[in-house]
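The following account leads the reader through selected features of one chain, from a helix and its ends to strand pairing, a buried loop residue and aromatic contacts. The sequence and the structure are shown first.

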Amino acid sequence: MKIFKLKYLAHFAFSTAAIMIVILGWVLYGTSIETSQSTHWANNQTLKVNHAIDEVTENLGRAESAQRGYLLAGKKIFLQDRDQMLAKMSVATLEFMQLSADNSDQQRRGFHLNELIAERISIMHELVRQRQSNGLIAAAAIIENGVGRTKSEEIYALAAEIRQEELQLLGLHLMDAQERYQSTLIAFIVVALISLVVIGFMGFFSQSRRQEQASQYTRSLIEASLDPLVTISAEGKITDVNEGSIKATGVAREKLIGTDFSDYFTEPDKAREGYQQVFAQGFVTDYALTIRHQDGHLTDVLYNASVYKDVDGNVLGVFAAARDITDQKQASQYARSLIEASLDPLVTISAEGKITDVNEGSIKATGVAREKLIGTDFSDYFTEPDKARE
């Protein structure tokens with residue numbers, strides 16, 4: 001009778017443990033799917049928002065370049081290019097507002113961004129009006145007061161703030177997803193350990209399977225980004241990378257992990273200062289670096305990074321994502337080509353009378369190299385400095 005009862009209790013305990021494992025396993029699986037889908041959505045949302053903001057700033061830069069082309073050459077084709085860029089910028093701004101409709105802080109920034117853009121466009125139109133009515137000198141007088149440049153800088157600064165907010169939101173979402181998954185995993189492990197008394201090897205097997213799933217889940221989060229993405233320890237060592245980092249460096253994942261983050265840039269000291277700044281301030285925004293591929297190819301990027309912590313708030317490392325800015329540098333080169341379009345001496349001057357850029361004609365006329373001209377006083381290169389200053 002006692003043997004029968006023990007056998008009955010053993011079967012009951014085994015069945016109960018098995019049922020509990022099945023239930024918690026199902027909950028764990030559901031949590032994994034839910035958090036994976038939620039994180040995938042959050043990552044896509046961040047990518048879409050940052051892409052929209054990139055479209056705003058890039059098209060603003062192209063519109064300004066086209067406007068300068070018109071002011072210099074007076075050809076309406078430049079105004080057509082400018083208006084196309086402004087139209088694309090308007091579409092991108094509307095897309096951002098729609099994507100951030102559920103975020104009051106981002107909506108507030110979006111309204112402010114629209115106001116700044118409207119003011120910048122108004123200044124552009126006034127420049128064109130002055131150019132058409134009173135000539136290039138009248139338009140140059142408006143440019144010299146710096147109000148247009150200041151407004152553009154405010155737009156770029158606000159765009160960087162929006163990107164940083166999205167990166168922080170993504171980081172918080174990843175941390176929350178990890179905590180929820182870990183909480184469910186811990187509950188499962190506790191039940192599995194209790195069940196070891198009855199089912200033995202099954203507990204170890206289940207735990208191993210769950211750990212494998214956790215590792216795969218973490219990898220899926222990192223690989224969600226197409227741009228280079230790394231996690232860095234407090235000592236500056238790479239702890240994980242995605243496929244984007246492998247492509248950018250030409251180095252296999254197993255060789256990247258454990259090496260110094262700064263080793264893969266043209267300016268290692270600057271890279272080291274960058275992640276140290278993240279540990280000191282908690283984040284860094286649009287930190288410019290150049291990745292050196294194993295074959296010598298260089299990729300200019302802007303890093304946005306923030307620290308990530310454990311459930312107790314202890315900093316574990318840095319989460320850093322890079323954005324390729326090759327297209328932006330090409331836009332800058334286009335602006336240089338506009339300045340060099342004139343064979344006569346051509347300079348841009350700040351409100352303080354300092355030279356901010358020159359063309360080859362100015363270099364030939366003065367006999368001074370471009371890097372030495374920039375930053376010096378415009379009036380220094382004339383026989384009548386006071387007249388030049390006036």
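**From helix 3 to the aromatic pairs**

Helix 3 comprises the 31 residues 104–134, which at 1.5 Å a residue should span 45 Å; its end C-alpha atoms lie 45 Å apart, so the expected and modelled spans agree. The model is a predicted one. At the N-terminal end of helix 3, N103 acts as the cap, with a side-chain oxygen placed 3.1 Å from the backbone nitrogen of D105. Just beyond helix 3, G135 adopts a positive phi of about 95°.

Strand 5 (residues 315–324) has seven of its 10 residues buried, and it is therefore largely enclosed by the rest of the structure. Strand 5 runs antiparallel to strand 1 (residues 229–232), to which four bridges join it; here L229 stands opposite A321 of strand 5. Strand 5 also pairs with strand 4 (residues 298–309), again in the antiparallel sense, over nine bridges. In this pairing V301 faces D324 of strand 5. Strands 4 and 5 form a hairpin with five residues between them, and in the turn G313 has a positive phi of about 90°.

A further residue to consider is N359, located in the loop between strand 7 (355–358) and helix 11 (360–366). Its relative accessibility is 0%; because buried means under 20%, N359 counts as buried. The side chain of N359 reaches the backbone oxygen of D344 at 2.8 Å. Beyond its neighbours within four places in sequence, N359 is in contact with I339, E340, S342, D344, P345 and L346.

The aromatic residues come next. A pair of aromatic rings is described by the distance of the centres and the angle of the planes. The structure contains five aromatic pairs. In one of them, F265 and Y303, the ring centres are 5.9 Å apart and the planes stand at 70°; the pair is edge-to-face because this angle is over 60 degrees. This pair links distant parts of the chain, 38 residues apart: F265 belongs to the loop between helix 8 (253–256) and helix 9 (268–281), and Y303 to strand 4. Both F265 and Y303 are buried. Another pair, F378 and F382, is tilted, with 4.9 Å from centre to centre and 55° between the planes. F378 is partly exposed, at a relative accessible area of 23%, and F382 is likewise partly exposed, at 40% relative accessibility.

F261, F265, Y275 and Y303 together make up one aromatic cluster. Elsewhere, a ring meets a charge: the charged end of K270 sits over the ring of Y287, 5.8 Å from its centre.

Notes
Residues are numbered from 1 along each chain as its sequence is written. This is a predicted model: local features need pLDDT of at least 70, side-chain atom pairs count only at pLDDT 80 or more; totals for chains, interfaces and linings use all residues. Side-chain values use heavy atoms; hydrogens and water are left out. Helices (H or I, at least four residues) and strands (E, at least two) are DSSP runs, numbered from the N terminus. The expected span of a helix is 1.5 Å times one less than its number of residues. A polar contact is a pair of N or O atoms within 3.5 Å; within protein, one must be able to donate a hydrogen and the other to accept it, and residues adjacent in sequence count only if both atoms are side-chain atoms. Buried means under 20% relative accessible area, exposed over 50%, partly exposed in between (1.4 Å probe, protein chains only). Contact means heavy atoms within 4.5 Å. Two strands pair if DSSP finds at least two bridges between them. Rings of Phe, Tyr and Trp (its six-membered ring) pair if their centres lie within 6.5 Å; planes under 30 degrees apart count as stacked, over 60 as edge-to-face and the rest as tilted. A charge sits over a ring if NZ of Lys or CZ of Arg is within 6 Å of the ring centre and within 35 degrees of the ring normal.
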